[in-house]
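Hi,

Here is the structure I promised to pass on. Have a look at it first, and then read my notes below.

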Amino acid sequence: MKVIGIIWQSYYNLLYRAAGHVSNVLDVELYSARVLDKDPDRLEKVLDAMEEADLVLLYRSVESFWDMVEKRLAKGIRGHVVCLSHDPAYWTLSTVRPDIVSRAYSYLVINGEANLTNMLKFLAAEVLGVSVAYDEPKTVPWEGLYHPQALEVFHDIESYLRWYDAYWAERPVKGTVGILFSRHYWVNANTDVEDALIEELERRSLKVISAFAYSVKDDALGTKGSGEVVLEWFMDAEGRSRI
């Protein structure tokens, strides 16, 4: 079964890895929206390929070329269309049941390689009729305290600081630096920049409280958002800064 995907750049790398896990049931070709936006000739080839695909998987973002994609879809294509987006209004570009789109979005927004692999298996089974088992979306932390030398992610500041005090031992301390970065980098195992920054700060005798978060507070998703993480982990109970 042939799948053509046009995906927001932030999801591209992890979904590419996930596609490798389902190559026995799906032939997945993925394209970055950012790349296609800068390459009209390549975009035209992808639009032609969409017409022969069994499934077209889209993550509708804000690049200018999406109008061309929508015009091609409006003419009608042979296969099914699953269109995801942070804006549910774009889900209506899909040609499958709304509950399938909603479930696919859950896999995507929770993220993680296992969830994206199961999203592809889910679409293969429920949309294309392929006989393949899949798991439901698995919870992945929305926020946490991270350190490249720790064996786990911490979910409260007290646990992190207990681990850190043992890790730091008797080394000198010139101060403490807070780092806040996007959950997206952690869940994609793409923390090379953060790891290098932490290492360099510690080399300069600066302790580090490093946290990742989903950017906005969302009660439906259960996310704290960046602001709440800052208040909870970079400040103490009396409102004094830990950093």
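In helix H9, the buried residues (under 20% relative accessible area with a 1.4 Å probe, protein chains only; exposed is over 50%, partly exposed in between) are Glu194, Ile198, Leu201 and Glu202. Viewed down the axis of H9, they fall within an arc of 95°, so they line one face of the helix; the arc is taken from the directions from the helix axis to the C-beta atoms. The face turned away from that side carries the exposed residues Asp192, Val193, Glu199 and Arg203. Helix H7 (157-168), strand S6 (175-182) and strand S7 (206-213) are among what covers the buried residues of H9. After H9 comes serine 205, with a positive phi near 65°. Helices (H or I, at least four residues) and strands (E, at least two) are DSSP runs, numbered from the N terminus.

This is a predicted model, in which local features need pLDDT of at least 70 and side-chain atom pairs count only at pLDDT 80 or more, while totals for chains, interfaces and linings use all residues. Residues are numbered from 1 along each chain as its sequence is written, and side-chain values use heavy atoms, leaving out hydrogens and water.

Now for the cores. A nonpolar core is a set of buried Ala, Val, Leu, Ile, Met, Phe, Trp, Tyr and Cys residues joined through side-chain atoms within 4.5 Å. The largest has 62 residues, and helix H5 (residues 98-110) gives the largest share, eight residues. Another core, of 19 residues, lies apart from it and includes Ile4 and Tyr31.

Best wishes

Note on methods. Contact = heavy atoms within 4.5 Å.
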